[in-house]
Each structure stands twice: as C-alpha cells, then as structure tokens.
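Student: Could you take me on a close look at one part of this protein? I'd like to go through a single region slowly and see how its pieces fit together.

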Amino acid sequence: MATFVDRVVLHLQAGDGGHGCASIHREKFKPFGGPDGGNGGHGGSVSLVVDPQVTTLLDFHFHPHVKADNGKGGAGSNRDGANGHNLVLKVPNGTVVQTTDGTVLADMVGAGTTFEVARGGRGGRGNASLANAKRKAPGFAELGEPGDQLDIVLELKSVADVGLVGFPSAGKSSLISVISAAKPKIADYPFTTLVPNLGVVRMDNHTFTVADVPGLIPGAATGKGLGLEFLRHIERCAVLVHVIDSATLEPGRDPVADIDAIEAELSQYGGLTDRPRLVAVNKVDVPDGRDLAEIVRPDLEERGYRVFEVSAATREGLKELTYAMADLVEAERKAAPPAEPTRIVIRPMAVDDDGFTITAEADGSFTVRGVRPERWVKQTNFDNDEAVGYLADRLARLGVEDKLAKAGAQPGDLVRIGAREFDWQPTLFAGVDFVPGNRGTDVRLEEKSNRASAADRLAARKARRVRSADEVGADASDDLDDIDDEDDAE
C-alpha cells in the first residue's frame with residue numbers, strides 16, 4: 001500500500017483566549033482594597049514550518065483535526081492566566097496552503113519557512129485593567145476572544161530540478177534507480193509507480209534532484225489514470241525529460257506518437273510550455289528497440305529535441321543523458337533571478353478610518369462590521385449589565401451611534417454586530433459623561449417602573465409636613481376672627 005500523501009484537508013482550531021477575572025482585594029481591616037482581577041492568557045496559534053526531514057503529508061491524512069491550547073483564565077491578586085502553547089506543524093518542502101475554494105494563502109518553499117495559518121484568541125482583561133478614574137471598581141471582566149477556526153487544503157508539489165514524464169512502463173523508475181540512490185518499486189506491469197519518487201544525482205561538481213512522476217496516458221489532464229493526481233509535481237521542475245519506450249508491443253504506439261500524446265496532456269494542464277525538454281529513448285538493449293530508435297531519431301531532432309538512446313538495464317547512454325540534464329539545470333539556475341529576502345510592508349491605518357462599516361439590510365435592520373466592534377461583542381459578558389453598559393460606551397466613543405443615526409436607524413430597529421442582535425435605543429447611552437453606579441449594574445439598562453422611588457416618596461412626605469406661608473397666614477386670620485366674635489358676645 002502506498003504511504004505517500006500529497007493532498008489533505010486540515011480542520012484547524014486555534015486556542016481561545018482565557019477569561020479575565022473580576023475580583024476585589026480583601027484582607028483583615030480592609031474590606032474594600034480595590035479591584036485585583038488578573039487578565040486571561042492568549043490562546044495558542046497554529047503555524048506551519050518547512051522541515052527537510054518531512055517528505056509526505058501522511059500524518060495529516062490520519063489526523064486531520066488540529067487544535068491548539070486555550071489560554072488560562074485570570075485569577076485574583078492580579079494573577080494573569082498562562083498563555084496557550086503555540087502549535088507548530090511540520091510540512092514538506094513545496095507545500096502549498098490553500099483555502100477550500102482554491103485561494104492560495106502561502107507557497108512554502110525553503111527549509112525553515114514559517115506561516116501562521118490560525119491566530120489564537122486574545123485573553124480578556126480583568127477588572128484591575130479596566131479600572132479608571134471614573135470606574136474605580138468594575139464589577140465585570142472581559143471574556144476571552146475565540147481563536148480562528150478554518151479549513152485549509154495542503155498540496156505538496158515536489159521540489160525537483162528534473163521531471164521524468166512518459167507512458168506507464170516506459171522505464172522511468174528503472175532510470176531513476178540507476179542514476180541516483182532512489183529505490184522505487186519496479187515491475188513489468190503498467191502503473192507500478194503509484195507515488196512520485198525523488199532521487200539525488202551527483203555528477204562531478206553538479207548536484208540536482210530528479211522526480212519520477214507516475215505514468216501518464218491520454219486524458220490524464222482531465223482525470224484519467226494517475227496523471228491528474230500527480231501532474232502538480234512537475235510544476236516546479238526546471239527540465240522535463242521524455243522517457244520513451246522503444247520496445248513496446250502495443251498497437252499504435254511509437255516514440256513520436258507517445259511524445260505527441262504527452263505534450264498534449266502537458267499543454268492542457270498548462271504552465272509547462274517554457275520548460276526545456278530532453279528525449280530519452282529507453283530500452284535500446286532490445287534489438288527491435290534500437291532499430292526503432294534509429295528510425296525516429298531524425299524526426300525528433302527536426303522538432304528541436306536533443307535525443308539520447310539509453311538503456312537502464314545496461315546503463316548505455318546514461319552518462320551523456322545525465323551530463324545534459326546537469327547542463328540544463330545549471331543554465332536554469334543561472335538564469336533565475338537571485339532570491340531576495342522577504343520585504344515586510346507596513347500599512348498603517350488611515351487617520352480618518354473609523355474601523356467599521358454600517359450596512360442597511362433589506363429587512364430594515366442594520367449590520368455593523370469591523371474588527372474592533374466584533375471583537376468587543378465577543379468579549380462582552382451579556383449577563384452583566386455593567387459589562388453591557390461598558391460595551392455601549394465603547395461603541396458610542398467609536399462613533400457607531402452617530403453613524404447609525406445618519407444611516408437612518410430609528411429607536412427599536414434591529415442592529416447586528418457579529419453574532420449578536422440588539423434593539424437600538426440611543427437614549428440609553430451617555431458616553432463618556434456617564435458615572436457608573438453599583439458594581440455589576442447600569443442604571444441605563446434598568447427597567448422603568450411605575451412605583452415611585454425612595455427619594456420621591458421622601459420628598460412627598462416632607463411636602464406634606466411643610467405648609468406654605470399662605471396656609472399659615474390664613475389659619476392665623478381665622479383665629480383672630482374667632483377671638484373678636486367671643487368679645488362681642490360678652
């Protein structure tokens with residue numbers, strides 16, 4: 001059974017950030033010592049790194065689900081939670097990272113190349129970090145931000161200098177086994193090679209790699225045989241070598257027809273027309289094969305091919321073929337532009353960019369999109385009224401309230417931010433002028449009641465006890481009239 005895997009789908013989950021802690025320092029004779037809740041730890045990230053010792057994606061084939069560690073929660077006494085460990089996955093050289101819809105995220109070539117594919121969530125801040133001059137003792141803490149969760153596709157494109165292409169049983173595996181130390185499976189039936197084989201060839205001061213691609217047949221570029229599965233492995237090859245079977249007994253097969261069929265498949269696959277070609281007419285140790293090679297050699301040379309008559313069994317002509325490969329590889333290496341270090345481009349945010357957008361939906365609702373508003377919503381504990389009020393203040397300072405009003409939002413309209421939906425009530429928010437009350441509460445979110453408050457009842461009681469000056473004067477006048485009436489009666 002073949003153990004070579006060159007395409008896998010990975011289900012990645014970065015670590016979630018730890019929750020912040022809402023704690024109040026307490027000790028003997030000091031019942032209220034201020035907030036001391038620590039921050040949560042950041043979640044672990046998932047990164048890919050090229051390891052020369054890894055040659056296949058087999059491990060990911062059997063373990064496609066990958067999850068990094070979560071951050072630990074904060075604790076009292078200003079103790080921050082531990083960060084989750086980052087997860088580093090080793091991939092072969094030449095791995096292409098794509099999304100499930102085919103968008104290329106990274107082309108990983110070169111030992112040590114690293115790519116962070118899933119970022120861990122931020123840890124939530126504790127109430128000690130949220131305290132300020134107005135909110136001296138927050139009764140809430142931020143929740144940890146969820147880590148990235150996505151599916152990616154890893155495709156391995158072998159990094160080789162020379163690619164051997166040809167029909168099944170043309171002798172490609174035998175050829176690579178005698179010019180390098182590779183030991184592929186060799187048998188006398190088609191499609192013996194089920195996976196690409198790589199071999200390192202050393203000639204004097206030349207060193208290059210050769211890839212033996214499984215046999216191609218007409219229709220390989222559309223999915224027939226094994227060609228479509230492994231054609232990607234010759235995309236990085238600088239030189240292509242047609243290995244032709246000159247001793248085949250199949251009707252309608254000859255070296256020229258075989259080359260035409262293979263070239264048609266390479267052209268249909270695309271992107272390989274600029275690679276230099278060599279032709280190796282194999283199995284000339286067979287008498288009929290040598291005769292056929294001598295017949296077709298002039299036709300192939302007229303097409304511009306350099307033709308080599310070789311035999312993997314007797315090693316005839318292999319030295320000349322190997323030197324020709326080395327010369328073309330060296331020429332391609334010299335013609336290639338020098339490798340430049342990766343340039344880090346810093347793109348600062350524009351000064352007038354508020355970091356969010358508001359979209360009016362067809363159903364009359366409004367959707368707020370932006371990195372900061374969506375992250376703030378994820379980190380808010382909606383079971384705590386003070387935390388909700390703090391979120392409202394942050395959104396108001398960011399300008400969400402003003403933009404919603406300008407977009408035509410009316411009180412009571414549905415507003416979506418991330419996965420949350422709200423009924424917009426702009427009169428509830430006082431922004432930076434709001435003075436918080438008791439911990440864990442927010443008077444702006446309290447339900448209005450018909451019952452009079454304690455202060456209202458006290459004011460009414462005082463009003464009943466205090467009589468106005470007019471009432472006192474009227475009572476005094478009545479008393480004097482009563483006294484005059486009694487004197488008259490006497």
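Tutor: Sure! Let's start with a term: a cavity is a set of grid points where a 1.4 Å probe fits but cannot get out, and its lining residues have an atom within 4 Å of a point. Keep in mind that this is a predicted model.

With that in hand, the structure holds 1 cavity of 30 Å³ or more. About 70 Å³ of space lies in the largest cavity. Which residues line the largest cavity? They are Phe140, Ala141, Glu142, Trp376, Gln379, Thr380, Ala387, Tyr390, Leu391 and Arg394. Helix H9 gives the most to this lining, with 4 residues.

Now pick out Trp376 in that list, as it takes us to the next piece. Besides lining the largest cavity, Trp376 is one of the buried residues of helix H8, which runs over residues 371-378. Its companions there are Pro373, Arg375 and Val377. What do the buried residues of H8 pack against? They pack against helix H9 (385-398) and also against strands S16, S17 and S18. So H9 turns up twice in our tour, because "buried" residues of H8, meaning those under 20% relative accessible area, pack against H9, and H9 also gives the most residues to the lining of the largest cavity.

Let's follow those strands. S16, S17 and S18 belong to an open sheet of 4 strands, in the order S15-S16-S17-S18, with mixed pairing. Why is one side of S15 and of S18 left without a neighbour in the sheet? Strand S15 (357-360) and strand S18 (420-423) stand at the edges and have a single partner strand each, so there is nothing next to them in the sheet on one side. From one strand to the next, the twist averages 25°.

Zoom in on the middle of that order and you'll find S16 (residues 366-369) and S17 (residues 414-417), which pair in the parallel sense over 3 bridges. If you want a spot to click on, try Val368, which stands opposite Ile417 in S17.

To retrace the route: we began at the cavity lining, where Trp376 appears, moved to H8, where Trp376 is buried, and went on to the strands that the buried residues of H8 pack against, S16, S17 and S18.

Technical notes:
Residues numbered from 1 in each chain as written. Predicted model: local features only at pLDDT ≥ 70, side-chain atom pairs only at ≥ 80, totals over all residues. Heavy atoms only, no water. Pairing = 2+ DSSP bridges. Helix = DSSP H or I, 4+ residues; strand = E, 2+ residues; numbered from the N terminus. Axes fitted to C-alpha atoms, helices over the stretch in contact; angles between N-to-C directions. Buried < 20%, exposed > 50% of the residue type's maximum accessible area, 1.4 Å probe, protein only. Contact = heavy atoms within 4.5 Å. 1 Å grid on protein atoms, 1.4 Å probe; cavity = no way out; pocket = protein on both sides within 12 Å on 5 of 7 lines; lining within 4 Å. Points joined across faces, edges and corners; volume = space filled by probe spheres on them.
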